[in-house]
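Me: Can we go through the empty spaces in this protein? I'd also like to look at how two of its helices pack.

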Amino acid sequence: TKFGNYGGQYVPEALMPAIDELTDAYRRYVLENEDGFMDEFRDRIRDFGGRPTPLQRAEQLSARYGVDVYLKREDLLHGGAHKLNNALGQVLLAKYMGKERIIAETGAGQHGTATAMAAAHLDMPCEIYMGRRDINRQRPNVFRMRINGAEVTPVDVGRGTLKEAISETMRDWATTVETTHYVIGSIVGPAPFPAMVRDFHSVISEEIRAQSLDRLGGLPGSVVACAGGGSNTMGAFAELLDNEGVTLYAVEAGGSSLTVDEEAGVAPHSASLSTGEEGVLHGARTKLLQDSHGQIMESHSVSSGLDYSGVGPELSHLVDTGRVKPVTVGDDDALEAFHRLSQDEGIIPALETAHAFGFLEAVAGPDGDGSVEFDEPIVVNVSGRGDKDLEAAIEETEKR
Ligand SMILES: Cc1ncc(COP(=O)(O)O)c(/C=N/[C@H](C(=O)O)[C@@H](O)C(C)C)c1O
């Protein structure tokens, strides 16, 4: 249950029966493939999800940066983001466990959408908790969840973003564990969630490995992925961790500034890996944005999916060991990268994903700082498409 000194199960006693039951089910079905569970997961993520996703060369970006850039197209997975890998895996597992109801939290709405789709696909009732603020800034996804038959429950406490939505979902789960499974949206939460979510998303790096060896004649030199909770990052890294020759970059939201207003207890960014301190949030010990009193600070990002004060415990450990390099990209650079990928490559990325492209530009672009020598070829994980962000991107760009 631990990644170094991170991870663990810091949950109320009331949740331990559910956690123990899930730990047992994870071992039997995911790790040991009991009853052919993982075979069925792979069949469904292929036929319903549309795996494998392409590994596509980005011609214009490769020319712009003078290095080979490849895109792992998780934006082409059914639903428009990597989120379905984990949502389908967990909803299928809930079915094998004999659960009758699905609940989940969401911020950007991609995880909520993926869970609603997977629940509809597997004929399970579904309720999604979503912060009021996020409901207002990710409306297309709220419509999709409802049209897929899920109940979307607004969360009005606090700032009405992801942190409160997760707490509210955990509160529900504490009283409904007998019949309900909580589909956590990232590699966060008490064990076994971080390892289980990583294992479902590891199909991404399995495919990157196979496609790279098959088409590029070797493993990638670098893999770049944006990190909110960390699931698309760990999915893209998992099967490559032992290959030291592959440099791994986790790109966090630098927001509007990395300077924290201690008094207000607010961080104008979401850079938990780069600036966070060790603490406990949502059941796991990990790196968190906290003030000098140890209070968890509100985070900020132009993208809902990266707007989270914590990060997965496994990523915190990999940053401490040096295996993963954390970098940050601010709101402005992410918005520029959003438009650049759309115009240069014909792909409108999710604002979350745009942060990964902002990193390439900041290093290797015409005004790049050359802060790293990229090992080639570079694979960027395109975690999602930007349909949900069109209005926000236009508004934000006009403001600047
Ligand atoms: C397209 C896209 N790319 C990246 C992320 C960051 O989440 P991780 O992959 O778990 O770091 C997200 C996160 N989305 C979550 C959601 O849709 O609910 C997010 O808000 C939280 C679950 C972290 C996303 O939608």
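**Pockets, cavities and a helix pair**

Reply: Start with the second largest pocket of this predicted model. Its lining has six nonpolar, five polar and two charged residues.

Me: Which residues are closest to the centre of the second largest pocket?

Reply: Thr1, Tyr26, Ala191, Pro192 and Ala195 are the closest, out of 13 that line it. The elements giving two or more residues to that lining are β1 (2-3), α1 (16-31) and α9 (193-201).

Me: Which element gives the largest share there?

Reply: That is α1, with three residues.

Me: And what volume does the second largest pocket have?

Reply: About 170 Å³.

Me: α1 and α9 both came up. At what angle do their axes cross?

Reply: Roughly 30°, and the axes come within 11 Å. The cut-off for roughly parallel is under 35 degrees, so α1 and α9 are roughly parallel to each other.

Me: Left-handed or right-handed crossing?

Reply: The crossing of α1 and α9 is left-handed.

Me: Which residues make the contact?

Reply: From α1, they are Ile19, Leu22, Tyr26, Val30 and Leu31. From α9, they are Phe193, Ala195, Met196, Arg198, Asp199 and Phe200. By class, that is nine nonpolar, no polar and two charged. Tyr26 and Ala195 are in this contact, and both are also among the residues closest to the centre of the second largest pocket.

Me: New topic. How much space lies in the largest pocket?

Reply: About 400 Å³. The largest pocket is lined by 23 residues. Nearest its centre are Arg137, Val302, Ala392, Glu395 and Glu396.

Me: Which elements give two or more residues to that lining?

Reply: They are α6 (132-137), α7 (139-147) and α16 (390-399). The largest share, six residues, comes from α16.

Me: How does the lining of the largest pocket split by class?

Reply: It has five nonpolar, six polar and twelve charged residues.

Me: What about cavities? How many are there of 30 Å³ or more?

Reply: The structure holds four. The largest cavity has a volume of about 360 Å³.

Me: What lines the largest cavity?

Reply: It is lined by 33 residues, with His82, Lys83, Ala108, Gly229 and Gly305 nearest the centre. Two or more residues each come from β5 (101-106), α5 (110-121), α8 (162-176), α11 (231-237) and α15 (351-364).

Me: And how do the residues of that lining divide?

Reply: Into ten nonpolar, 18 polar and five charged.

Technical notes
Residues numbered from 1 in each chain as written. Predicted model: local features only at pLDDT ≥ 70, side-chain atom pairs only at ≥ 80, totals over all residues. Heavy atoms only, no water. 1 Å grid on protein atoms, 1.4 Å probe; cavity = no way out; pocket = protein on both sides within 12 Å on 5 of 7 lines; lining within 4 Å. Points joined across faces, edges and corners; volume = space filled by probe spheres on them. Helix = DSSP H or I, 4+ residues; strand = E, 2+ residues; numbered from the N terminus. Nonpolar A, V, L, I, M, F, W, Y, C, P; charged D, E, K, R; others polar. Axes fitted to C-alpha atoms, helices over the stretch in contact; angles between N-to-C directions. Parallel < 35°, antiparallel > 145°, perpendicular 65-115°, else oblique. Left-handed = near helix turned anticlockwise from the far one by under 90°. Contact = heavy atoms within 4.5 Å.
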